[in-house]
Amino acid sequence: MEKLLWCLLITISFSQAFGHEDMSKQAFVFPGASATAYVSLEAESKKPLEAFTVCLYAHADVSRSFSIFSYATKTSFNEILLFWTRGKGFSIAVGGPEVPFSASEIPEVPTHICATWESATGIVELWLDGKPRVRKSLQKGYTVGTNASIILGQEQDSYGGGFDENQSLVGDIGDVNMWDFVLSPEQINAVYVGRVFSPNVLNWRVLQYETRGDVFIKPQLWPLTNCCES
């Protein structure tokens with residue numbers, strides 16, 4: 001009997017820690033600064049990446065620098081990093097090196113962000129609310145590694161860890177989708193207004209995730225759209 005109860009407790013604990021579900025119209029909420037609160041995402045595709053597009057909504061309320069999307073491998077902790085730096089703006093890192101996209105201040109309203117990169121040209125793009133910034137170049141010829149640790153809410157200074165409270169997100173993140181190719185400008189604008197083109201790395205409607213610390217799932221605060229139409 002005791003063994004059965006122990007197995008039931010393990011099963012219940014596991015089901016609370018892990019999810020694999022449709023997150024449409026929901027968001028992860030990080031209500032306070034912390035070095036222990038984060039969401040770990042499991043990629044659907046495990047292959048090396050010659051290109052990618054990451055799109056998400058972010059709503060932050062901090063006056064300091066913070067991480068938005070952290071994709072680490074055992075050989076590069078900043079394999080893919082989308083980061084906000086106070087006084088400078090956004091930056092996108094691929095394989096360690098990064099390029100900046102200047103902005104005077106973090107938007108005070110939920111912002112739709114898309115970041116793209118391709119190995120063939122090294123071209124990096126940043127789109128904010130359906131509007132592109134000037135294209136830049138980074139890591140031409142590089143290949144993004146496999147077996148990634150993908151974290152929301154923290155920057156990884158080691159594989160799956162090394163978190164710093166002063167780089168943590170305070171706010172909401174949602175509608176996180178990722179593809180292993182660069183979406184066209186028309187597709188990015190379509191994603192911004194609510195359509196999604198079959199994400200094959202991370203898919204918000206069949207998201208596999210694990211939450212740790214004070215992270216909560218609440219209804220999203222940005223405009224409700226059919227975010228998961230294919």
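Helices and strands are taken here as DSSP runs, strands having at least two residues, and they are numbered from the N terminus. The model described is a predicted one.

**A cavity and its lining**

The structure contains 4 cavities of 30 Å³ or more. The second largest cavity has a volume of about 70 Å³. Its lining is made up of 11 residues, and the closest to the centre are Ala58, His59, Ala60, Ile106 and Thr111. Strands β4, β5 (66-72) and β9 each contribute at least two residues to the lining of this second largest cavity. The largest share comes from β4, with 3 residues. By residue class, the lining of the second largest cavity has 9 nonpolar residues, 2 polar residues and no charged ones.

**The disulfide**

A disulfide is a covalent bond between the sulfur atoms of two cysteines. The count for this structure is 1 disulfide. Cys55 and Cys114 are the partners, with an S to S distance of 2.0 Å. The link of Cys55 and Cys114 is right-handed, with 115° about the S-S bond. Cys55 belongs to strand β4 (residues 51-60) and Cys114 to strand β9, so the pair ties together parts that are 59 residues apart in sequence. Cys55 is buried at a relative accessible area of 1%, and Cys114 is buried at 0%. Strands β4 and β9 also appear among the strands that supply the cavity lining described above.

**Ser119, after strand β9**

Ser119 sits in the loop between β9 (111-118) and β10 (123-128). Is Ser119 buried or exposed? Ser119 counts as buried because its relative accessible area is 6%, and the cut-off for buried is under 20%. The Ser119 side chain reaches the backbone oxygen of Tyr142 at 2.7 Å. Setting aside residues up to four places away in sequence, Ser119 touches Glu50, Lys140, Gly141 and Tyr142. Tyr142 is therefore both a contact of Ser119 and the residue whose backbone oxygen the Ser119 side chain reaches, given that contact means heavy atoms within 4.5 Å.

**Positive phi outside glycine**

Most residues other than glycine have a negative phi. Two residues with a positive phi, neither of them a glycine, are listed below.

| Residue | Phi | Place | Relative accessible area |
|---|---|---|---|
| Asn147 | about 55° | loop between β12 (136-137) and β13 (149-152) | 52% |
| Asp175 | about 50° | strand β14 (residues 171-179) | 7% |

Asn147 is exposed, whereas Asp175 counts as buried. Asn147 lies in a loop, while Asp175 is found in a strand.

**Leu41 and its contacts**

Leu41 is found in strand β3 (residues 38-41). With a relative accessible area of 3%, Leu41 is buried. Which residues does Leu41 contact, leaving aside neighbours within four places in sequence? The contacts of Leu41 are Ile150, Leu152, Val176, Leu202, Leu207, Gln208 and Tyr209. For one of these, Leu152, the separation from Leu41 is 111 residues in sequence and 7.8 Å in space, C-alpha to C-alpha.

Conventions:
Residues are numbered from 1 along each chain as its sequence is written. This is a predicted model: local features need pLDDT of at least 70, side-chain atom pairs count only at pLDDT 80 or more; totals for chains, interfaces and linings use all residues. Side-chain values use heavy atoms; hydrogens and water are left out. Helices (H or I, at least four residues) and strands (E, at least two) are DSSP runs, numbered from the N terminus. Buried means under 20% relative accessible area, exposed over 50%, partly exposed in between (1.4 Å probe, protein chains only). A polar contact is a pair of N or O atoms within 3.5 Å; within protein, one must be able to donate a hydrogen and the other to accept it, and residues adjacent in sequence count only if both atoms are side-chain atoms. A disulfide is a pair of cysteine sulfur atoms within 2.5 Å. On a 1 Å grid over the protein atoms alone, a cavity is a set of points where a 1.4 Å probe fits but cannot get out, and a pocket is an open set with protein on both sides within 12 Å along at least five of seven lines; lining residues have an atom within 4 Å of a point. Grid points are joined across faces, edges and corners, and a volume is the space filled by probe spheres set on the points. Ala, Val, Leu, Ile, Met, Phe, Trp, Tyr, Cys and Pro count as nonpolar, Asp, Glu, Lys and Arg as charged, and the others, Gly among them, as polar.
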